[in-house]
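I opened this notebook page to record what I looked up in one model, entry by entry. My topics were the strands, the sulfur link and the aromatic rings.

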Amino acid sequence: MNKFRVVVSVIVGLLLLGTLLPAAADGPLTNRWGPNTGTYGIVAAGVGLEASPSGTITLDIPGTPVQAFLYWAGYDTDNPGDGDNQVQLARDANPAVPITADATFGPDYWVDGIQHHYVYVADVTAQVAAGSHTYTVSDFVLVHPNATRYGAGLLVVYDDPALPQTSVEIRDGLDAMYWNFLAPRGPNSEVACLQFAADTQARQMDYAIIGSGIDPATVRPNVLWALVGSGALPTPNIAVGQGLWTWDPVNAFEINVNGELYPFYDSDGDEWDTLTSDETDVGALPIPAGAEWACFQAESDNSQNPPLSGASLVVI
């Protein structure tokens with residue numbers, strides 16, 4: 001069976017070579033890499049950095065690295081423009097290498113004119129290696145005392161001749177959300193759609209999604225939707241009932257295969273999540289014959305019974 005592999009990088013409430021690109025604000029995710037076809041796989045992992053400017057990511061790359069991106073994100077609470085587009089990255093015990101963002105998303109207005117989100121991305125293909133290694137991200141500094149580092153994530157496309165032919169596309173950006181805010185800050189992310197040519201046979205799609213900004217003290221309700229189809233793309237929202245988590249329409253909550261209530265729950269430590277298709281109830285998305293797109297959307301959910309305040313979330 002043919003496979004697609006898609007990486008949708010996101011920070012909910014908020015969730016990237018060469019010359020530094022202009023800053024971008026809250027909005028739809030844009031293409032970063034691909035679609036490229038080969039015997040490819042994807043791996044991704046991250047670390048929460050709220051408590052420290054450094055942390056370690058353990059990642060096993062079971063093939064030859066083709067492309068790697070490092071993401072880091074947080075928010076500042078004073079003047080926009082006080083983020084940090086430079087960090088250090090070390091593999092195992094090797095000396096740390098300075099990393100400067102190739103693209104910056106933000107500063108993006110969040111609350112009361114004093115909070116601004118930032119998302120950074122850099123090509124770090126030269127710094128990763130096949131096999132299992134530790135990658136230490138350090139020197140992530142936000143200057144004001146009330147600023148918050150969300151975390152950092154590493155995403156790698158690798159080649160393995162034993163894999164089937166796959167098409168990989170990476171989309172990223174800064175899309176923040178909260179249930180009690182008006183668009184574009186809530187209650188949903190923008191719909192992120194991957195489009196492809198229809199085929200006469202069924203296929204399937206794997207995915208990895210990076211999110212940040214979940215409150216570590218009390219993980220609040222959030223939902224992740226997906227929809228596959230053809231013809232017109234779904235806008236502005238994906239219909240209820242296409243959740244990647246088990247949906248209980250009476251009590252309005254989700255429980256995934258790992259027993260977690262919500263898709264984004266600080267899986268990599270405070271304020272950072274890396275979600276892959278093997279962690280959801282749906283698993284790889286079935287792509288039926290004739291389908292032309294697959295779309296994803298995150299939501300800050302306030303439909304609990306009794307109501308709970310939905311998550312503040314950034315999708316990268």
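The entries below go from the whole chain to single residues.

**Entry 1, the chain as a whole.** I noted at the outset that this is a predicted model. I then looked up the secondary structure, and the chain comes to 0 helices and 22 strands. Of its 316 residues, 55% count as buried. For the surface I recorded an exposed area of about 12300 Å², of which carbon and sulfur atoms supply 52%.

**Entry 2, strand E11 and its partners.** How many residues of strand E11 are buried? I found that 11 of the 12 residues in this strand, which runs over 148-159, are buried, so I wrote it down as mostly covered. I next looked up the pairing of E11 with strand E3 (residues 40-48), which is antiparallel and extends over 9 bridges. As a point of reference in the viewer I marked Val47, which stands opposite Ala152 in E11. Strand E5 (residues 64-76) also pairs with E11 in the antiparallel sense, here over 11 bridges, and for this pairing I marked Leu70, which stands opposite Leu154 in E11. I added a general reminder to myself that strands of a sheet pair through backbone hydrogen bonds, either parallel or antiparallel.

**Entry 3, an open sheet.** I then turned to an open sheet of 3 strands, whose order is E14-E21-E16 and whose pairing is antiparallel. Its edge strands are E14 (192-195) and E16 (222-229), each of which pairs on one side only. From one strand to the next, the twist averages 15°. Between E14 and strand E21 (residues 293-300) I counted off the listed 4 bridges of an antiparallel pairing, and I noted that Leu194 stands opposite Ala294 in E21.

**Entry 4, the disulfide.** Which cysteines does the disulfide join? The structure holds 1 disulfide, and this bond joins Cys193 to Cys295 with an S to S distance of 2.1 Å. I recorded the link as right-handed, with 110° about the S-S bond. The pair links distant parts of the chain, since Cys193 lies in strand E14 and Cys295 in strand E21, 102 residues apart. I also asked whether these cysteines are buried or exposed. Cys193 has a relative accessible area of 12% and is therefore buried, as the cut-off for that class is under 20%. Cys295, at 0% relative accessibility, counts as buried too.

**Entry 5, aromatic pairs.** I looked up the ring contacts last, and the structure holds 8 aromatic pairs. One of them is formed by Tyr118 and Tyr120, a stacked pair at 6.2 Å centre to centre with 10° between the planes. Tyr118 is buried at a relative accessible area of 2%, and Tyr120 is buried at 4%. Why is the pair of Tyr178 and Phe181 edge-to-face? The centres of the two rings are 4.9 Å apart and their planes stand at 70°, so the pair is edge-to-face, given that an angle over 60 degrees falls in that class.

**Entry 6, around Phe181.** I stayed with Phe181 for one more entry. Tyr178 and Phe181 are both buried, and together with Trp110 and Trp179 they form one aromatic cluster. I also noted Arg185, whose charged end sits over the ring of Phe181, 4.2 Å from the ring centre.

Key: Residues are numbered from 1 along each chain as its sequence is written. This is a predicted model: local features need pLDDT of at least 70, side-chain atom pairs count only at pLDDT 80 or more; totals for chains, interfaces and linings use all residues. Side-chain values use heavy atoms; hydrogens and water are left out. Rings of Phe, Tyr and Trp (its six-membered ring) pair if their centres lie within 6.5 Å; planes under 30 degrees apart count as stacked, over 60 as edge-to-face and the rest as tilted. Buried means under 20% relative accessible area, exposed over 50%, partly exposed in between (1.4 Å probe, protein chains only). A charge sits over a ring if NZ of Lys or CZ of Arg is within 6 Å of the ring centre and within 35 degrees of the ring normal. Two strands pair if DSSP finds at least two bridges between them. Axes are lines fitted to C-alpha atoms, for helices over the stretch in contact, and angles run from 0 to 180 degrees between N-to-C directions. A disulfide is a pair of cysteine sulfur atoms within 2.5 Å. Accessible areas come from the Shrake-Rupley method with a 1.4 Å probe; for residues, only the protein chains shown count as cover.
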